[in-house]
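Subject: Structure handover

Hello,

Here is the structure I said I would pass on. My notes on what turned up in it follow below.

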Amino acid sequence: MQTTTTDVLIVGAGPVGLTAAIVLIQHGHDVTVVDRQAEGANTSRAAVIHPHTLELLEPYGVVGDLVARGVHTPTFTIRDRDDLLIAVPFSQLPTRYPYTLMISQSDTEAFLLGRLEELGGKVIRPASVIGIQQSADRAIATFADGQQIRARYLIGADGMHSTVRDQAGIAFTGGTYGESFALADVRLSGGVPADEVILYFSPAGLVVVAPLPDGMYRIVATVNEAPQHPDIAFVQSLLDERGPEARPAVVEEIVWGSRFRVHHRVADAFRADRILLAGDAAHVHSPAGGQGMNLGIEDAVVLGERLSQVLDAGGDEALLDDYAATRRQTARGVVSMTGKLTELATASARRRPVRNRIMRLAGKLPAVRRALAWRLSGLNRR
């Protein structure tokens with residue numbers, strides 16, 4: 001049996017795992033990244049990077065590429081068909097990135113992987129962890145091919161169905177939304193602006209419409225049972241039922257589509273001795289507000305910087321306990337916020353007029369719009 005050693009083993013090579021690796025390697029530590037999937041097999045498709053996330057990534061050499069590739073959308077709006085309820089202006093935020101950056105997860109991962117390789121790192125794949133043990137000073141991961149990696153610390157960034165979390169015996173408390181979610185990248189014509197991320201409310205469910213690079217749009221919608229591969233007719237029916245009416249949006253082409261179910265769960269702990277969790281392995285929630293990948297990248301930067309301090313001579317392990325406690329509290333707040341947005345979006349026909357009146361009045365108050373912008377952008381977590 002071949003055994004290798006490393007400072008940190010990261011399980012999962014999505015945006016969260018790659019970010020943590022970049023932070024640690026740039027700080028001079030030995031990192032091994034493994035992923036169970038073959039390259040290009042990841043079908044999770046986050047598409048939003050918020051201002052605070054870009055600020056956190058600034059020291060690590062990827063922001064320029066991301067900003068150059070993505071679509072800069074300065075406004076997030078909540079609408080009921082053509083009725084504007086609230087416009088949330090990112091353009092007035094005190095940041096170098098006063099917009100939501102719309103970019104496909106595949107592009108984000110490509111830029112992060114490129115930066116990792118520039119720093120001399122690489123991803124070992126496919127590599128499936130089948131067991132994890134801990135000693136006083138090491139976490140030992142065993143792989144399906146019999147190899148072992150011994151690490152001073154192990155980061156589980158391996159998604160909602162995390163092997164690392166399960167092996168650590170950490171519960172994943174929460175529930176599952178009754179609806180499924182349809183997701184599609186499409187080409188549109190008609191009445192959808194190219195400079196807004198729009199959350200359409202409807203008794204039939206919510207639909208998010210957001211611009212992507214290359215003239216595409218991202219559609220995310222709640223449905224009772226989404227088809228595995230949404231076609232033009234299905235996505236068009238969602239927009240006809242929930243989207244703009246005065247100038248209807250017309251689906252010209254489906255570039256990519258999928259479905260998923262959304263859970264609202266938070267791990268009972270983000271640390272078990274030498275095992276630490278980040279990203280979807282630690283928390284999952286509704287896509288309303290586009291918080292998921294951003295919260296995970298935040299985890300990765302904070303954890304990478306804390307671990308780097310601990311790995312350096314004299315670093316205090318209490319920093320890792322602080323990471324676990326504060327990031328869990330942050331995750332619970334985001335899960336609550338996105339849950340409330342989802343409940344608002346799917347209000348019954350009876351409650352809809354009252355909800356709209358309240359939101360329309362609140363949306364006229366600059367303080368409300370500013371508070372929403374701070375929270376959605378992540379800048380409230382600076």
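Aspartate 214 sits in the loop that runs between β14 and β15 (216-223). Its phi is positive, at about 65°, although aspartate 214 is not a glycine. A second residue of this kind is aspartate 273, which is not a glycine either and has a positive phi of about 60°. Aspartate 273 belongs to the loop between β17 (271-272) and β18 (275-277). Please keep in mind that this is a predicted model.

There is also a cis peptide bond, between arginine 125 and proline 126, with an omega of about -10°. Proline 126 lies in the loop between β8 (123-124) and β9 (129-134). These spots are listed because most residues other than glycine have a negative phi, and most peptide bonds are trans.

Sheets

One open sheet has 8 strands with mixed pairing, in the order β6-β5-β13-β14-β15-β12-β16-β19. Its edges are β6 (83-89) and β19 (283-284); each has a single partner strand, so one side of each has no neighbour in the sheet. Within this sheet, β13 (residues 196-200) and β14 (residues 207-212) are paired in the antiparallel sense over 3 bridges. Isoleucine 198 has valine 209 in β14 as its bridge partner.

Two helices that pack on this sheet are worth a look. Helix α8 (residues 318-345) touches β5 (75-80), β12 (172-190), β13, β16 (249-267) and β19. The direction of α8 makes about 130° with that of β16. Helix α10 (residues 366-377) touches β5 and β6, and its direction makes about 65° with that of β6.

Another open sheet has 3 strands in the order β3-β7-β4, with antiparallel pairing. Here β3 (48-49) and β4 (71-73) are at the edges with a single partner strand each, so one side of each is left without a neighbour in the sheet. Strand β3 and strand β7 (residues 100-102) run antiparallel and are joined by 2 bridges. Isoleucine 49 stands opposite leucine 101 in β7.

Domains

The domain assignment splits the protein chain into domain 1 (3-47 + 104-171 + 268-344) and domain 2 (177-262 + 345-381). Their C-alpha centres are 30 Å apart. Domain 1 puts 22 residues into the contact and domain 2 puts in 18 residues.

The second largest pocket

What is the volume of the second largest pocket? About 250 Å³ of space lies in it. The lining has 13 residues, and those closest to the centre of the pocket are Met337, Lys340, Leu341, Leu344 and Leu372. Elements giving two or more residues to the lining are α8, α9 (352-363) and α10. The largest share, 5 residues, comes from α8. Sorted by class, the lining has 10 nonpolar, 1 polar and 2 charged residues.

Where does this pocket lie with respect to domain 1 and domain 2? Both domains give residues to its lining, so the pocket lies between them. Helices α8 and α10 therefore appear twice in these notes: they give residues to the lining of this pocket, and they also pack on the sheet, with α8 touching β16 among other strands and α10 touching β5 and β6.

Regards

Note on methods: Residues numbered from 1 in each chain as written. Predicted model: local features only at pLDDT ≥ 70, side-chain atom pairs only at ≥ 80, totals over all residues. Heavy atoms only, no water. Pairing = 2+ DSSP bridges. Helix = DSSP H or I, 4+ residues; strand = E, 2+ residues; numbered from the N terminus. Contact = heavy atoms within 4.5 Å. Axes fitted to C-alpha atoms, helices over the stretch in contact; angles between N-to-C directions. 1 Å grid on protein atoms, 1.4 Å probe; cavity = no way out; pocket = protein on both sides within 12 Å on 5 of 7 lines; lining within 4 Å. Points joined across faces, edges and corners; volume = space filled by probe spheres on them. Nonpolar A, V, L, I, M, F, W, Y, C, P; charged D, E, K, R; others polar. Domains from an automatic or database assignment.
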